[in-house]
Amino acid sequence: MKTVWIVDAAYLYNFGRARPNGFDYLKLKNELVKANGGPLYESYYLNSTGDPHAEAQNAFHTWIKSAPPKGPQMRVQLYKLKDQHNQCPSCGTRFDRTVQKGVDVAIATLMIKLAAQGIYDRVILSAGDGDFEDAISYLKSDLRKEVWLNGAQSTLSADLQCYADRVLWLDDMGSAIDRDR
C-alpha cells in the first residue's frame, strides 16, 4: 500500500506555536511512518510565503527538502501571501493583514490529482479545515482511497473526522515529536 503525506504548513505551524518546544517535522514523519507500518511514498509541504523569502525561511525549506537522517524529505510547494484590507465593523478602524492565498485549493487539488493518477492508496492529511470535506468525500466514495487525518483534538474539524479511516492525534504523539532545544 502506497501512502502519501500532505501537510497544510500553516495548520502545523499553529499547532507548534502552542507547544512549549514546538515540534519537529522529521520526528513527526517518523511517527507517521510507524503508524503506517512502513515508509511513506511521497510527502508534500504546502504553504504561503512572502516575496522575497526571508533567509530563515529559505534555510527551513532547504532543510525540509533534505533526506533523512538530516531532514524529512518533503516536496515543497509555496504560494504567495495576499494583503487583505479590512475595516472594524464596530469602530470603523481600517487595518491590513496578510493571508494565505491558494493553499487550501492546492491541497485539495493535489489530493485528488495524485489519487486519480493512482499514485497512492492512502493519504495522511495534516490539516484541520472543514473546507476539505468535499475533496475527502470524493476521495473516499468515488476514488476509493483510504484517508487518515493527522491533527490536534482542539482544531481538527468534526466535518473531516467523520470521513477518516483513522485519526492520528498530534496530542497523543507528545514528546516523540518535540523539537530538541
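**View 1. Strand β1 pairs with β5 in this predicted model.** The two strands run parallel and are joined by 5 bridges. To find your way along the pairing, start at W5: its bridge partner in β5 is I124. On another side of the pairing story, β1 is also joined to strand β2 (residues 42–49), again by 5 bridges and again in parallel. Here a handy landmark is V7, which stands opposite Y45 in β2.

**View 2. Strand β1 is largely enclosed by the rest of the structure.** The strand covers residues 3–8, and 6 of its 6 residues are buried, so the surroundings largely enclose it. Which residues point one way from β1, and which the other? T3, W5 and V7 share one direction, while V4, I6 and D8 take the other. Whichever way they point, all of them are buried.

**View 3. L125 sits in strand β5 and is buried.** The strand spans residues 122–126. With a relative accessibility of 0%, L125 counts as buried because the cut-off for that class is under 20%. Which residues does L125 touch, leaving aside those up to four places away in sequence? They are I6, I107, M111, F132, I136, W148, L149 and N150. If you would like a reference point elsewhere in the chain, take S66: it is 59 residues from L125 in sequence, and the two C-alpha atoms are 21 Å apart.

**View 4. The largest nonpolar core holds 46 residues.** The members that touch the most other members are W5, I6, Y25, L28, M111, L125 and F132. Helix α4 (residues 103–116) gives the most to this core, with 8 residues. Take a moment with Y25, too. Not counting residues up to four places away in sequence, Y25 touches W5, V7, A9, L12, Y45, F60, W63, I64, P72 and M74. Two of these names may be familiar from the first view, where V7 stands opposite Y45.

**View 5. K27 and D180 form a salt bridge.** Their closest N and O atoms are 2.8 Å apart. K27 belongs to helix α2 (residues 25–36) and D180 to the segment after α7 (170–173), so this pair ties together parts that lie 153 residues apart in sequence. Are the two partners buried or exposed? K27 is partly exposed, with a relative accessible area of 22%, whereas D180 is exposed, at 61%.

**View 6. E42 and R75 meet through their side chains in a salt bridge.** The N to O distance is 3.0 Å. Distant parts of the chain are linked here: E42 lies in strand β2 and R75 in strand β3 (residues 75–87), 33 residues apart. R75 counts as partly exposed, at 44% relative accessibility.

**View 7. E146 and R122 form a salt bridge between two strands.** The closest N and O atoms are 2.9 Å apart. E146 is in strand β6 (residues 146–151) and R122 in strand β5, so the pair links parts of the chain that are 24 residues apart. E146 is partly exposed, with a relative accessible area of 22%, while R122 counts as buried, at 10%. For the whole model, the count comes to 6 salt bridges.

Conventions:
Residues numbered from 1 in each chain as written. Predicted model: local features only at pLDDT ≥ 70, side-chain atom pairs only at ≥ 80, totals over all residues. Heavy atoms only, no water. Helix = DSSP H or I, 4+ residues; strand = E, 2+ residues; numbered from the N terminus. Buried < 20%, exposed > 50% of the residue type's maximum accessible area, 1.4 Å probe, protein only. Contact = heavy atoms within 4.5 Å. Core = buried A, V, L, I, M, F, W, Y, C linked by side-chain atoms within 4.5 Å. Pairing = 2+ DSSP bridges. Salt bridge = Lys/Arg side-chain N within 4 Å of Asp/Glu carboxyl O.
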